[in-house]
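Student: I am new to this structure and should be grateful for a close look at a single part of it. Please begin with one residue and its surroundings, and then proceed to other parts in a connected account.

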Amino acid sequence: MTAPDVHGDAPGRPPVTERRLHPVTPLRRAWAPVAVLIGWALHDPDQAQRQLTRLTTTTLLIGLAVLIPAAALYGFLTWWFTHFAVAGGELRIRTGLLFRRTAHIRLERIQAIDVTQPLLARVAGVAKLRIDVIGTDKKDELAFLGADEARALRAELLARAAGFAPETAHEVGEAPSRQMLRVPPGVLAVSLLLTGATWGWLLVAAVVVPLLWTATHSLWTVLAAAVPLFGAAGASSVGRFVAEYDWTLGESPDGLRIDHGLLDRAHETVPPGRVQTVRLVEPLLWRRRGWVRVELDVAGSSNSLLLPVAPRELAESVVARVLPGVGVPPREALSRPPRRARWRVPLWWRGYGLAVTDAVFVTRHGLLRRGLSLVPHAKVQSVRLVQGPWRRALGVADVHVDTGANKSVTARLRDAAEAAALLRSQAERSRTGRRDARPDRWMA
């Protein structure tokens with residue numbers, strides 16, 4: 001590791017120690033100029049082929065002799081001019097060759113900190129630190145750090161965000177974790193085989209490919225249609241299996257820990273106090289086995305999956321840890337829309353349901369792929385009643401609750417009088433819930 005740089009932060013404050021990324025980082029960044037050329041070639045392959053045919057062997061060798069050192073120099077310079085430091089209550093990241101950029105990430109606004117290791121990074125013993133910050137769509141990241149350094153920096157940032165003094169935060173270390181469950185690879189494989197998306201894409205391919213061959217007798221046309229279809233089927237099965245392999249869920253003082261991945265290993269944290277919505281998803285073919293998938297909406301974070309597959313009873317116990325004091329209501333507790341709603345969506349109206357408890361707003365939707373959404377009253381930012389001309393004629397309305405994750409949960413096709421009463425009561429429950437809610441603090 002390169003020796004850190006020391007700079008003064010401000011008069012009267014101790015100097016800030018800036019650090020560089022791992023020395024293997026230039027190898028990753030050196031590919032950027034090469035990627036630009038590859039992108040140009042793929043964007044216009046005919047033009048690229050014509051240009052290449054005009055070049056002699058000597059010209060190609062000279063071009064490579066210039067390109068490879070230039071790429072290496074670019075990788076080295078971008079690494080050399082990238083620094084990071086933890087100063088007071090923020091993480092600073094300085095980057096840029098010609099145009100300098102300094103990101104000041106306030107620790108109290110950090111939503112999640114993930115440590116990921118792509119396959120080659122695992123071989124090299126390095127890791128990527130990805131930081132979710134409230135109010136930003138793109139994750140800031142430090143790529144790459146030594147694997148041990150990445151975990152130590154993550155622990156220090158969490159400790160400072162939790163209120164530990166800067167001089168002791170680096171000594172706190174990573175909070176201990178207790179394993180709650182692990183998804184066996186066999187169960188994951190069976191669940192993916194029983195997912196309708198995989199078979200749907202294969203069915204479409206089985207119909208479209210023969211029709212195209214009969215109509216065109218063109219191999220290239222058939223391949224152009226078949227490759228995306230089979231690729232989508234593979235992404236919804238093999239791709240998910242690789243990404244969700246060895247899914248392990250643990251509990252620690254700083255949140256729920258998630259480890260997963262066959263090739264690219266990821267270590268994620270979900271702070272329960274900042275979860276806005278929890279969804280229990282039941283595909284049709286999972287119901288006989290009693291399996292569900294647990295998804296999340298977390299404000300300012302892209303982490304959206306808590307459990308890829310689990311027995312319903314076990315999933316409900318996990319939900320109770322994510323949303324303290326919240327229980328999943330039984331099926332019989334959810335009320336359906338009035339029967340006249342069948343004229344709006346025949347048959348499908350039976351899949352809609354609503355339940356409101358003292359702690360949570362619950363809606364259900366779907367027949368083939370049933371979903372149950374739970375929103376704590378304290379997380380509701382606004383409530384809306386929507387009633388178009390067709391709904392007014394039927395005497396029904398939709399009630400939307402908006403959360404801090406910029407998502408909405410909708411109680412569909414409720415009786416108009418019930419919807420109006422629900423609008424008023426939910427607004428009051430939200431105010432009361434926010435007043436009594438626990439603070440969203442790490443390690444609280």
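**Asp-402 and its surroundings**

Tutor: Leaving out residues up to four places away in sequence, Asp-402 touches Lys-379, Val-380, Gln-381, Ser-382, Arg-384, Lys-407 and Ser-408. Please bear in mind throughout that the model is predicted. Asp-402 belongs to strand E20, which covers residues 396-403. Is this residue buried or exposed? Because its relative accessibility is 13%, and the limit for a buried residue is under 20%, Asp-402 counts as buried. Two of the residues that it touches also meet it through polar contacts between side chains. The side chain of Arg-384 is joined to that of Asp-402 by a polar contact of 2.9 Å, and the side chain of Ser-408 makes another with Asp-402, at 2.4 Å.

Ser-408 leads us to the strand E21, which spans residues 408-415 and also holds Leu-413. The phi angle of Leu-413 is near 55 degrees, a positive value in a residue other than glycine. With a relative accessible area of 3%, Leu-413 is buried. A positive phi is also found at Leu-347, again a residue other than glycine, where the angle is near 70 degrees. Leu-347 is located in the loop between H11 and strand E16 (353-356), and it counts as exposed, at 52% relative accessibility. A further point of the backbone deserves attention: the peptide bond from Ala-143 to Phe-144 is cis, and its omega is near 10 degrees. Phe-144 lies in strand E8, residues 140-146.

Charged side chains can be followed elsewhere in the chain as well. Arg-279 is placed in strand E13, and its side chain makes a polar contact of 2.9 Å with the side chain of Asp-297. Beyond residues up to four places away in sequence, Arg-279 touches Arg-293, Val-294, Glu-295, Leu-296, Asp-297, Leu-372 and Ser-373. Arg-151, in turn, is part of helix H6, residues 147-161. Its relative accessible area is 36%, so it is classed as partly exposed. The side chains of Arg-151 and Asp-148 are joined by a polar contact of 2.7 Å. Arg-151 and Asp-114 are 37 residues apart in sequence, while their C-alpha atoms are 9.3 Å apart in space.

Val-294, which was named among the contacts of Arg-279, brings us to the nonpolar interior. The largest nonpolar core has 36 residues, of which Val-294, Leu-306, Leu-307 and Val-322 touch the most other members. Several elements supply at least two residues each to this core, including helix H8 (185-193), strand E13 (275-283), strand E14 (291-298), strand E15 (305-311) and helix H11 (312-322). Apart from neighbours within four places in sequence, Leu-307 is in contact with Leu-181, Trp-247, Leu-249, Arg-293, Val-294, Ala-315 and Val-318. A second core is separate from this one; it has 23 residues, among them Ile-93, Leu-107, Leu-129 and Ala-150.

Which residues of H8 are buried? They are Leu-188, Ser-191 and Leu-192. Viewed down the axis of H8, these buried residues fall within an arc of 95 degrees, so they line one face of the helix. The spacing fits a general rule: an α-helix has 3.6 residues a turn, so residues three or four places apart point the same way. The buried residues of H8 pack against helix H9 (196-216), helix H10 (219-244), E14 and E15.

The aromatic residues form another group to examine. The structure contains 5 aromatic pairs, and Phe-76, Trp-79 and Trp-80 make up one aromatic cluster. Arg-20 lies over the faces of two rings of this cluster: at 3.7 Å from the ring centre of Trp-80 and at 6.0 Å from that of Trp-79.

Finally, the chain may be considered as a whole. It has 13 helices and 21 strands, and 42% of its 444 residues count as buried. Among contacts with a separation of 6 or more, residues 24 or more positions apart account for 53%.

Definitions and conventions. Residues are numbered from 1 along each chain as its sequence is written. This is a predicted model: local features need pLDDT of at least 70, side-chain atom pairs count only at pLDDT 80 or more; totals for chains, interfaces and linings use all residues. Side-chain values use heavy atoms; hydrogens and water are left out. Rings of Phe, Tyr and Trp (its six-membered ring) pair if their centres lie within 6.5 Å; planes under 30 degrees apart count as stacked, over 60 as edge-to-face and the rest as tilted. A charge sits over a ring if NZ of Lys or CZ of Arg is within 6 Å of the ring centre and within 35 degrees of the ring normal. A nonpolar core is a set of buried Ala, Val, Leu, Ile, Met, Phe, Trp, Tyr and Cys residues joined through side-chain atoms within 4.5 Å. Buried means under 20% relative accessible area, exposed over 50%, partly exposed in between (1.4 Å probe, protein chains only). Helices (H or I, at least four residues) and strands (E, at least two) are DSSP runs, numbered from the N terminus. Contact means heavy atoms within 4.5 Å. The arc is that of the directions from the helix axis to the C-beta atoms. A polar contact is a pair of N or O atoms within 3.5 Å; within protein, one must be able to donate a hydrogen and the other to accept it, and residues adjacent in sequence count only if both atoms are side-chain atoms.
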